[in-house]
Amino acid sequence: MEAVKNAVHENATLWIARLAEAVAIPSVSGERERRPEVVRMGRWLVAHMQRLGFTDVVERDIGEQTVADGAAPLPLPPVVLGTYGTDPAKKTVLVYGHYDVQPAAKEDGWATDPFQLVEQADGRLVGRGASDDKGPLMGWLWAIEAHQKAGVALPVNLKCCFEGMEESGSEGLDALIAAEAQAGGYFDGVDAVCISDNYWLGTTKPCLTYGLRGVSYFNLTVRGPARDLHSGVFGGTVHEPMTDLVRLMSTLVDPQGKILVPGIYDTVAPVTDAERELYKTIEFSVGDINNATGSESALTSDKAQLLMGRWRNPSLSLHGIEGAFATPGSKTVIPAKVIGKFSIRTVPHQDPDEITRLVKAHVAAEFAKLESTNTIAVACDHAGKSWVADINHWNFTAAIKAVKTVFGVTPDLTREGGSIPVTLTFQEALNKNVLLLPMGRGDDGAHSTNEKLDRDNYLRGIELMATYLHEIAAASTA
Ligand SMILES: C[C@H](N)C(=O)N[C@@H](Cc1c[nH]cn1)C(=O)O
Ligand SMILES: [Zn+2]
Ligand SMILES: [Zn+2]
């Protein structure tokens, strides 16, 4: 491993230049006009995989995206698949990552162009997707390349599954996985799954992640007048959609983060004493939240409450209002149609269909109280379930050893508040253990402005991936 480790660190400039190339492709899956860039990003990965000697590299067509309101259907970006090594004597590890990113614009408050990677003097590599998830995804490829440069054979067979729609609900991927999990399918023969698409809890200590929350994303549409209106002419004479929407959205969650939709907490498991003990050993404090948010806006300073709020309790966040006047200036418009966006992070035992039913019933009841002539429609845009893995598995044991080797510490075993719905799909379809191996830090600002990946995390992350693969090869599966 020493030669591979050296190759990782000696080629730092190359890996960072490649990250810069990838960040410069604005592969935003959630913006219609940028869909070709997502496809371009997939091609960029395919070219590197072919160069590295992957076999069976394919851009798998997974059909069209379901779109609302009669808009033209949009082709889904392909799922990139590739195989590196088919030695029956070696274990086969499946790695997943996503090559699409969240939207970003300088006007949102970025200090620099989000699609130009900037390496700061303090080692921050700033750019959209640096941490979520281009850096970690590419880490697997550079771990292979480091083996090649060191003249060391990869100790396992690797299969890659890279998608371009994770930030927009992973549409089409479950069907592909179900089909390819069958005997003779692409995922046949996989022994374990590893995903690098989340972050350390804080900024100093690595962790391994065994649980994620699910997500149900909602659109709440309020329609009224046939067209936008002058508020001086029509204000005071009509039911305004925005007034109804703001009132409805305010009934969803209180300022302490308590969800107000009746029945939502009914299936959430009660906290056990054993679970409370678990929180005590995790290295985390309110300071980590303050550092990551750049504020003192934490709901509590109690460590266990914070961790429970993030990992094991549902939460509801209000994201925005489509159709509302949102640019600088003082436009005096009454918008005719507005769409409120909110999502609920869900936890084990919460069923997405039941969540949608509860939300619809609540919104209908609250809307009836308004006695408005406007109309409402509530739709769940996409939903993914929560996931919890078995940590008593050689996949986790191998990763723990790898972290100890690379970072000299035993990682915390953590759950995560974000969602990667495909994690559960892999676990259930393949019946194999799934592990999350984060590369970035808790203050990376994924989905936020000035997203970054620290240079050290990038390089030691690649080293960790390589070391993990060696520990997998050495692991006993008994
Ligand atoms: C944790 C992962 N890196 C991530 O950011 N996942 C997204 C998935 C999603 C679902 N709807 C939109 N995006 C997340 O947790 O928000
Ligand atoms: Zn991600
Ligand atoms: Zn993300």
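A residue counts as buried if 20 or more other C-beta atoms lie within 10 Å of its own. In this predicted model, Glu166 has 26 other C-beta atoms within 10 Å, and it is therefore buried. Glu166 is found in the loop between β8 (157–163) and α5 (173–180). Leaving aside neighbours within four places in sequence, Glu166 is in contact with His98, Asp100 and Ile420.

One of these contacts, Asp100, shares an annotation with Glu166: the unreviewed UniProt entry places the feature "active site" at both residues. They span 67 residues in sequence, yet their C-alpha atoms are no more than 6.8 Å apart, so the two gather at one spot.

Asp100 can now be described in turn. Asp100 lies in the loop between β5 (92–98) and β6 (118–119). With 27 other C-beta atoms within 10 Å, Asp100 is buried too. Residues up to four places away in sequence not being counted, Asp100 touches Ser27, Val28, Ser29, Val38, Pro77, Gly164, Met165, Glu166 and Glu167.

Attention then turns to ligand 1. A shell of 13 residues surrounds ligand 1, and the closest are Asp132, Asp197, Val215, Gly418 and Ser419. Where in the fold do such residues come from? At least two residues of the shell are supplied by α4 (130–150), and at least two by β11 (214–223). By character, the shell around ligand 1 divides into five charged, four polar and four nonpolar residues.

How values were computed:
Residues are numbered from 1 along each chain as its sequence is written. Chains are lettered from A and ligands numbered from 1 in the order in which they are written. This is a predicted model: local features need pLDDT of at least 70, side-chain atom pairs count only at pLDDT 80 or more; totals for chains, interfaces and linings use all residues. A residue is near a molecule or strand if its C-beta atom, placed from the backbone, lies within 6 Å of it. Helices (H or I, at least four residues) and strands (E, at least two) are DSSP runs, numbered from the N terminus. Ala, Val, Leu, Ile, Met, Phe, Trp, Tyr, Cys and Pro count as nonpolar, Asp, Glu, Lys and Arg as charged, and the others, Gly among them, as polar. UniProt positions are given in the numbering used here, feature names are shortened, and annotations may be inferred rather than shown by experiment. A residue is buried if 20 or more other C-beta atoms lie within 10 Å of its own, exposed if 12 or fewer, and partly exposed in between; C-beta atoms are placed from the backbone. Two residues are in contact if their C-beta atoms, placed from the backbone, lie within 7 Å.
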